[in-house]
Amino acid sequence: MFDYERLEALSIEGEAPQSEPERQYYFMKKCRQWAEEEKERIGHPLTMSIQTLGCQMNAKDSEKMTAILEYIGYKEVEEPVADFVLYNTCTVRENANLKIYGRLGYLKNHKKKNPSMRIALCGCMMQEADEVERIRKSYSFVDLVFGTHNIYKLAELLYTQVQSARPVMDVWKEAKEIVEDLPGKRKYPFKTGVNIMYGCNNFCSYCIVPYVRGRERSREPEDIISEIKGLVADGVVEVMLLGQNVNSYGKTLENPVTFANLLRQVNEIEGLKRIRFMTSHPKDLSDELIEAMAECDKVCTHLHLPLQSGSTEILKKMNRKYTKESYLSLVERIREKNPKLSLTTDISLTTDIIVGFPGETEEDFEDTLDVVRKVRYDSAYTFIYSKRTGTPAAAMENQVPEEVVKERFDRLLHEVQGISTEITKSIEGETVPVLVEEINTQNEELLTGRLSNNAVVHFPGDVSLIGEILPVKLVESKGFYYMGEIVK
Ligand code: SAH
Ligand code: SF4
Ligand code: F3S
């Protein structure tokens, strides 16, 4: 747990300590001292803008970095321009990278007007040597570049940059240690993600994540439990356990623990109300886990189970290690054991699907549609295959022509949306527990909340209800969300 008193007690008179997290405490305090002077110099309080792309892992990393920067003295603003602009990047698909270069062009002009502005890039895209090289050559106004493995060193990197007044680029190929006990800042006071493991060992042939996030490393269960207990004491009612493949959690620990076992331990934590987790790889989803999910009352009635493709042939080329049939039978087992959602007959299943993997034939694609129709997902994230340099799939022959992919993508989307609408409609009129999450972004008079199955509902209510779990009647289904009202 982060201990504010330990940080305050640390002296910054001498050299920086070698051990972590003290070393980072030292640099956070050094930066804070500098920020006071900087504030005087530029004549206004320091602001920061943190833009996060990509998945829950990045969202969690950004929460950690926000806390460090806030301690230093930066105040977060909504605008894209500030004294410190940080982009936490994603590189899972090509268009995520293109977005960053577009943004840098825009920031360059602002920096000309405000030379004391600092621009920092971190995260997955920075783990790619080619991208870092391009930034070094053509975007020399970027002040800080670091990767996914040294996020915790943000204060040290910033201090080095400030002292040298030159760009600092520090990207590690591999993770060295898991550094904990740094401060955290939550986007929502009542819910947050908790890392249970880092990295990925699966090497699905299309995916760049194992290359940019490194090998799989699990945290000790005691550390996870004590973090969650601390969060609950601080007002958290919902946690999302995070890992690229949570089902293989704990296998590499000195004393191996299964994910099912961890889930049971988390379920015991008093005061915690909801547990979610992401992501489950079908190949490692054990019967033990299916049982644990059914037995643990706090585990939400939602499972994200990426399919990627419904064709056994393509799954093999993707290195996913399951077949169309084994996936379908897994879904059957999950549904048999988890009929606990009081209102619908089944647990909600959602998925990720890639269209246009190299060599995908019309027949292969039909298999994907077939699985979609059989499983009937509550919702699905559909992606057009994106070629990632360095992955085995990038070198595969028979890349599918763009028009064909586009046409399949539209057909898939149509299928997915049709089913999704029907499923949403099926519980219209029911009253369900909803965690009130925020004021509606479109209409300030409405609140937005989530059902256990992760569906979204908007309803009138007072802002003081945020963070509570309340019964809400799903008055009208609107395709992929509901309009509702609180039942008193
Ligand atoms: N670990 C998670 C997924 C992380 S990436 C899992 O295994 O499910 C999130 C999603 O991005 C993946 O599920 C996949 O559908 C998609 N994705 C990954 N690489 C991709 C690529 N090269 N092109 C298109 N989509 C991709
Ligand atoms: Fe990528 Fe596969 Fe790992 Fe998911 S399991 S992060 S898709 S390599
Ligand atoms: Fe993107 Fe990195 Fe997540 S590549 S999807 S932010 S692990």
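This is a short tour of one structure, stop by stop, with a selection to make at each. Keep in mind that the model is predicted.

**Stop 1: helix 2 and its two partners**

Select residues 22-42, which form helix 2. Now add residues 154-164, which form helix 6. The axes of helix 2 and helix 6 are 8 Å apart, and the angle between them is about 45°. At what kind of angle do helix 2 and helix 6 lie to each other? They are oblique to each other, and helix 2 passes helix 6 in a left-handed crossing.

Next, show the side chains where helix 2 and helix 6 meet. From helix 2, pick Arg23, Gln24, Phe27, Met28, Lys30, Cys31 and Trp34. From helix 6, pick Ala155, Glu156, Leu158, Tyr159 and Val162. If you colour the residues of this contact by class, you should find 8 nonpolar, 1 polar and 3 charged.

Keep helix 2 on screen and bring in helix 3, residues 56-72. Helix 2 packs with helix 3 at an angle of about 50°, and their axes are 8 Å apart. Helix 2 and helix 3 are therefore oblique to each other. On the helix 2 side of this contact, select Met28, Lys29, Cys31, Arg32 and Ala35. They meet Ile68, Tyr71 and Ile72 in helix 3. The classes in this contact are 6 nonpolar, no polar and 2 charged.

**Stop 2: helix 10 and helix 12**

Select residues 287-295 for helix 10 and residues 324-337 for helix 12. Their axes are 9 Å apart, with an angle of about 30° between them. Since angles under 35 degrees count as roughly parallel, helix 10 and helix 12 are therefore roughly parallel to each other. Their crossing is right-handed.

Which residues make the contact between helix 10 and helix 12? Asp287, Ile290, Glu291 and Ala294 come from helix 10, and they meet Leu330, Arg333, Ile334 and Lys337 of helix 12. This contact divides into 4 nonpolar, no polar and 4 charged residues.

Now follow the chain onward from helix 10 to Cys296, in the loop between helix 10 and strand 12. Is Cys296 buried or exposed? Buried means under 20% relative accessible area, and Cys296 has 3%, so it is buried. Try a distance label here too: the C-alpha atoms of Cys296 and Leu263 are 7.7 Å apart, although these residues are 33 places apart in sequence.

**Stop 3: two ligands**

Select ligand 2 and show the residues around it. You will find Cys200, Asn202, Phe203, Cys204, Tyr206, Cys207, Val209, Pro210, Gln244, His281 and Arg320. This shell has 7 nonpolar, 3 polar and 1 charged residues.

Then move to ligand 3. The residues surrounding ligand 3 are Gly54, Cys55, Asn58, Cys90, Thr91, Val92, Cys124, Arg213 and Gln244. By class, they are 4 nonpolar, 4 polar and 1 charged. Click on Gln244 before you leave: it belongs to the shell of ligand 2 and to that of ligand 3.

**Stop 4: backbone surprises**

Most residues other than glycine have a negative phi, and most peptide bonds are trans. Here are some exceptions to look for.

Zoom in on Glu20 and Pro21, where the joining peptide bond is cis, with omega near 5°. Pro21 sits in the loop between helix 1 and helix 2. Another cis peptide bond joins Met278 and Thr279, with omega about -5°. Thr279 is in the loop between strand 11 and helix 10.

Now select Asn319, in the loop between helix 11 and helix 12. Its phi is positive, near 60°. Asn319 is partly exposed, at 28% relative accessibility.

Finish at Arg376, in the loop between helix 13 and strand 14. Phi of Arg376 is positive as well, near 55°. With a relative accessible area of 32%, Arg376 is partly exposed. What does Arg376 touch, leaving out residues up to four places away in sequence? Its contacts are Arg335, Val371, Ile419, Glu422 and Ile423. For Glu422, draw one last distance: its C-alpha is 9.6 Å from that of Arg376, with their positions 46 residues apart along the chain.

How values were computed: Residues numbered from 1 in each chain as written. Chains lettered and ligands numbered in written order. Predicted model: local features only at pLDDT ≥ 70, side-chain atom pairs only at ≥ 80, totals over all residues. Heavy atoms only, no water. Axes fitted to C-alpha atoms, helices over the stretch in contact; angles between N-to-C directions. Helix = DSSP H or I, 4+ residues; strand = E, 2+ residues; numbered from the N terminus. Parallel < 35°, antiparallel > 145°, perpendicular 65-115°, else oblique. Left-handed = near helix turned anticlockwise from the far one by under 90°. Contact = heavy atoms within 4.5 Å. Nonpolar A, V, L, I, M, F, W, Y, C, P; charged D, E, K, R; others polar. Near = heavy atom within 4 Å. Buried < 20%, exposed > 50% of the residue type's maximum accessible area, 1.4 Å probe, protein only.
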